[in-house]
Structure formats: C-alpha cells, structure tokens
Amino acid sequence: MKKEDTVKLISAEGFEFVVDKEAAMVSQTIHNMLTSPGSFAERQHGEVTFPEISTTILEKICQYFYWHLQFASVLIYMSFLTLCCSGKETEFPIEPELTLELMMAANYLHT
Amino acid sequence: MKANFDLVSLCMEAACESRDSVDKWRRQKRSLERLPSPLADDLLRRLHTRRLLYPSLLEIFKHSAEEIDVRGENSVDAEWMAYLGAFRHLRSLNVADCHRINSSALWAITGMNSLQELDLSRCVKVNDAGIKHILSIENLEKLHIAETGVTAEGVKLLASLKSLSVLDLGGLPVNDMSLNSLQVLKKLQYLDLWGSKISNEGSAILSMFPKLSHLNLAWTSVTRLPNLLSLEWLNMSNCTIDSILKDSKAPLAKLVLSGATFLNEADALLDLNANFLSFVDVSYSCLCSFYFLSKMKVIEHLNLNSCMMGDDSVEMVACIGRNLKSLNLSGTRVSSAGVGILAGHVPKLEILSLSQTPIDDAAISYISLMPSLKFVDLSNTNIKGFIHQEGTQQEASPLSLTALQNLTQLERLNLEQTQVRDEALYPLSTFQELRYIYLKSTSLADISLYYLSSIPKLISLNICDAVLTNYGLDTFKPPATLRMMDLTGCWLLTKDAISSFCRIHPQIEVRHEFSTKAPIDQSGPNRSSLSRLTTRSVQGTKNKGITSLSPSFIDQRLKYTRDALLALQPMPSHLASDHEKDNAVFE
C-alpha cells in the first residue's frame, strides 16, 4: 500500500487508523479536508486528528467506510429495482449502545 | 436514495429498533446533552412514528429538542405536557387534535420563553383558562387555537402577545369587540377568522393591521372589506359580498370566493387590483357575468365549478388564457362549441375539467389543440368515443379519442360515467405518457382490458362496474409499471380469480369487493378525480346517464333474471342492494 493512497485517522485517545484514501473519502468532511485548495495540514501529512471522537467510535466509522464501498452502492441499486434483500451479511451492524455517539460523529463527518 | 444508507440514518434505525435498544442508550446522559437539535428532533420523530415514545422518555431530550410534533396522538395528556414544559430550547410545539389536552395541562408550558410556535387546533378541552397560561409565553409568534373551547373573552386576552404574526382563530365565536382589542398586534400577517361572528363593523378594524397578508373570513356575515394594503391571500367563501377591497392597491395573489353570493355583481370584482392575481376560485358562486375576468392578466388557476357559465362567456376565459395552468369548468353549461373557443388560447393549460358539462365528442378534437394538457377530466358527459357523422352507422364512424394522441404530455384521463364503449377505447393503447386512467361504465368488457394492457407507462387503472370476466382477468397482461387496479363493482369476477391475479402480480394493489387487502377507501388519493363532486350531483347525472342510453344498448345483466343473477355468486349485502337498484331501473 503506497503512502499517498492512505490516510491516517487519529482518535481522541491517540489511536491511529490507517485507511485507504478512497474509503476515507466516503466522508464528505474528510473529502473536503483532503481535496480543498490551500495547504491544510491534513492534506500535507495525510493525517487527520479527531479530538472529539473516541477510539471505539472511530473504529466503527472506519468499518463503515469499507462497508459503504463494498455494499452501499449495490444496496442502492437493489432498492432501486425494488428487490427485497434481507441477507444479514449485507447489513451494517450497529450496537444500540453506540448509536448516539456514532450518530453525532457521522453527522460531523457527513457520511 | 443515498439517504437510506448514510451512517446517520443507519444509527437512527438502530436506535429506534425496539424498546430494548432504546433502553441501551437512554442512560447516556452526557451524549444526550450534546446531541445537536436536528438529530434530536429527527430521533424524536422516529421514536414517535414507531410508537416507542412515552412521557418519561421525553425527559432525555430536554436539552436538545427544538421541535415537537405529536399531532393527532390520543395518548398525549397532562403528563406529556409536564415533561415538555422542562424542555429548555423548545421552539415549536404541535399538539393539534390531541383530545386529552385541557386548560390545566397547559399550565406546564407557562413562561417557556423559547417557544415561538404553538398549535392547539381542535383540542376541544382548552378554554379561556388555558389562554391565561399561554399569555405567559411572551415570545409566541404563531398560535393556532381553531375549534377549541376558547370564547370571545379569551380571544381578547391575546392582545398581550405582542409578537404574534400568525393567529388562527377558525371556528371560534370571535366578535367585533374581541377583534377590536386585538388591533394592538401590529405584527400580524396571517389571521384566520372563518366561522366567527365578525360583522362589517369588525372588518373595518382589519385595516389596523398594517402587515396583514393572509385573511380567512369564510362563513362569516362580513359583506364589505376595507382597503387592506398588504393583503395577498383572501378567503371569503360562503359569504355575501357587497364590495371588497374597492380601489385597493393590495397585491392580491389568491382569491377564494367559493359559494359566495354577490349583492352587486357588476362592481364587486371589477374594482380589484388584479395585477398579481394568479389563483381565483369562484366555484358554486352565483356569478352570472364574467367581465371581471378580463382584468386578470396573470391568472394561472381558475375554478368556475358549477358557475352559471355558458358558451357566451367562454370568450372571457379565452382572453386571459395565456398563463392559465388549470381550469375547472365542471358543472357549467359550456358545450363543445365553448371548448372550441378556448382551443388555441390556452398554450400552458395542464389541467382541464369538463365533468358534468353538455360536451360531446366534438369537444375532443378541440381539446387536442391544447398542447400542454396533462390531466383531462371528461367524466359524466355525453362523450361516446365516436364522431357522429350524418348518414353513417356508428360502427363506421371515426374514433374521437384518436385526436388526443396529439397531447404528448397527457398523464391522466377520466372517462368515468360516459358512454364510451370497448371499441372506442382502442386509440388509448398508443398513448405514451398516460399513467392514470379512470373508467366506470356498465358497458365495458374484457376487450377494454386488452386495449389498455399496451399503454407503456400505466400506473393506475380504474375500471369500475364493468362486465369483466374471470377469463378476461386471467389473460390480462398488465404493463410492467402498473401498481394499482380498481375493479370495484365488476360483479362477474369471483374471489378465486381475484386472489389468483393478486398472487401472480404481487406488485399490483387490487381493489374489489373480494380483494383481501384493506377495505376500499373511497376517499383515498387514488380515487378519482380532479372534480370531486358532491354526492348529490353525482347521483343526479348517474340516473340521467342510464336513462339516456341508446336503444341498441344491452346490459349483460338483462340476460339473467334477478334471482338467477343473485344465485350466480354470494355477494356482500351492500353490493347486492346496489345491483338491485340498477336492475330496478331496467325492469
């Protein structure tokens, strides 16, 4: 994996998640940080720190990025065809305990 | 589409999955305090629609929610209000139609400075005592108390709510005195006084509201309206009108005078400032002359339903037809010749209703000259589907509906209660954009279904009271887009045939007396039509239609005696009585 194709997401506790740029770009906020003109520190170092997001939540978000790349476009297409799909393997599981925090983080990241 | 799979929506879904999942997150106080209000409002709304919301759960949103809409919820009572009273940022509260709310329940929301909008419409237990609690909400801008138990005295008290811009007092016994005390409300823009006891004296006070733009005086005894400088929207339905807005400069855009009586017809509407008037409804009014129309140069929507309009006045409509988008001429005396006068003058017309008019097939060729039409209602007319020519047999006559092929945008067509028969429907099979078709006739048979099956974009097919057979339904190949089929009153179809059709085409919602789905909702949105007629008038034309059938017409039911007919299949009692009535006509 080339360094230019990845981005490092850092949680409030300092844990680092290295993910594909393509995956991270699922978030509109990260997309803007990495592509907007000018010299954002994020763009230069390929690192984004989220002092508000805990490690558990950031991990879940990274999982969502990859889930979205893999399944969401398919699901959108399937729902367009009004096919019903109940397969558990295509669902993105969210533990009820995480919903509030994850919701707020997702809202901030525009995903 | 994407909204369904974004992470916020997925979290909302997970959070509202069940009572257990709610219990898992409801104790996270710190997170709940930080929840941004749009998320909190959305979460509350979803919990409410999934019926997971109960009073004590409300408490967790007291730091975050800004909008609460629980209208029509029967369980909302004083306990709910007690929790809602603790909300620190609540901006809008809608508890309309919550019948358990009474005046003392409103005590809980006294002094809520954040509250700007409050809707208590039809909370019948709220009375003047409740108004006293509301008075402490100083920043209130929008208040709806229509059809509550508030009296004229209670309305007087509202004068102290100086920020009010919207005030809905519909159905309350507001009198001139109480309106007089409200004139200190200088910010008022919207005032609803339908059904009140306001008289002309009271209407004179209305000019004291400098910003008033939206006024409803329907069902009052007001006959004269003063010069209201900023009025844009006026409803004086079912009033007796002497003069309104005489020589006014008011930028009136929408005028509803449905069912109104005019004392001095010639003047009443001629003096209006019609420069901005885009919507006029004078349906069921007793207007006889239509000279006032000539001033309405920018009009887009005109409703003349059941007016005394004949072909001689159609010229007035043609003159202002340039911007017209919808025109309702139902129940007027306009004939085919009148439609001919309109043709060529209404380039933007999208909706045309000619239901219950004396038009015949000649009108169809004129209608085909109105290029933007999307919805045409020809129900309850003498349309036969054939162009009658002297000396030719009906079988050899050209089909009149062919002309409608010129209307490339036609989406909806209503031919209910006309004399159109199977063969005449043949041209419809080539209509490219047709999505909704309404047919209701005892003379349509299986062949009609065959013709209709080749309409490429058909979504909804209503073919009521027809003599369709099981075989016809079995062999019917519905277009792929079809989602709704109304077969109500097709009495030859059996339960088995309907259920096997539903099984083969699960995507189609079938309505029939034997259909297993929910009972037929006559007032549902899929029911026809643009001309929602009064029951009385429908009955009138129905009878006329049957008696005026041509002698060559043979009802299929005449082949059977009434007893044999009833023995054919067990019908629900209400349906049987319907058919008895019809048979009585033929006997």
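Okay, let's start with confidence: chain A has a mean pLDDT of 82, and 78% of its residues reach 70 or more. pLDDT is the predictor's confidence in each residue, on a scale from 0 to 100. So yes, this is a predicted model, in which local features need pLDDT of at least 70, side-chain atom pairs count only at pLDDT 80 or more, and totals for chains, interfaces and linings use all residues. For the names, residues are numbered from 1 along each chain as its sequence is written, while chains are lettered from A and ligands numbered from 1 in the order in which they are written.

Now, chain A has five helices and three strands. Those come from DSSP runs, with H or I over at least four residues for a helix and E over at least two for a strand, numbered from the N terminus. Walking along from that end, you get β-β-α-α-α-β-α-α.

Where is confidence lowest, and where is it highest, among these elements of chain A? Helix α3(A), residues 41–45, is at the bottom with a mean of 71, and α5(A) is at the top with 94. There's also a stretch to be careful with: over residues 80–87 of chain A, pLDDT stays under 50, and the model has five contacts there beyond four places in sequence. A contact here is two residues whose C-beta atoms, placed from the backbone, lie within 7 Å. Where pLDDT is low, the predicted coordinates should not be read in detail.

Let's stay with α5(A). Nine of its eleven residues are buried. Buried means 20 or more other C-beta atoms within 10 Å of a residue's own; 12 or fewer is exposed, anything in between is partly exposed, and the C-beta atoms are placed from the backbone. Among the buried ones are A:Thr99, A:Leu102, A:Met103 and A:Ala106. For chain A as a whole, buried residues make up 27% of the 111. Right after the helix, A:His110 takes a positive phi of about 55°.

What does this have to do with chain B? Well, 19 residues of chain A are in contact with 22 residues of chain B. On the chain A side, α4 (55–80) and α5 (99–109) each give two or more residues, and α5(A) has the largest share, eight residues. By class, that side has 13 nonpolar, four polar and two charged residues. The nonpolar class is Ala, Val, Leu, Ile, Met, Phe, Trp, Tyr, Cys and Pro; Asp, Glu, Lys and Arg are charged, and the others, Gly among them, are polar.

One residue to click on is B:Cys11. Leaving aside neighbours within four places in sequence, B:Cys11 is in contact with A:Ile94, A:Thr99, A:Leu102, A:Met103 and A:Ala106.

Last stop, helix α17(B), residues 495–504. Which of its residues are buried? They're B:Ala497, B:Ile498 and B:Phe501. These three cover an arc of only 100° around the axis, so they sit on the same side of α17(B); the arc is that of the directions from the helix axis to the C-beta atoms. An α-helix has 3.6 residues a turn, so residues three or four places apart point the same way. The buried residues pack against α16 (470–475) and β23 (509–511) of chain B, whereas B:Asp496 and B:Arg503 are exposed on the other side.
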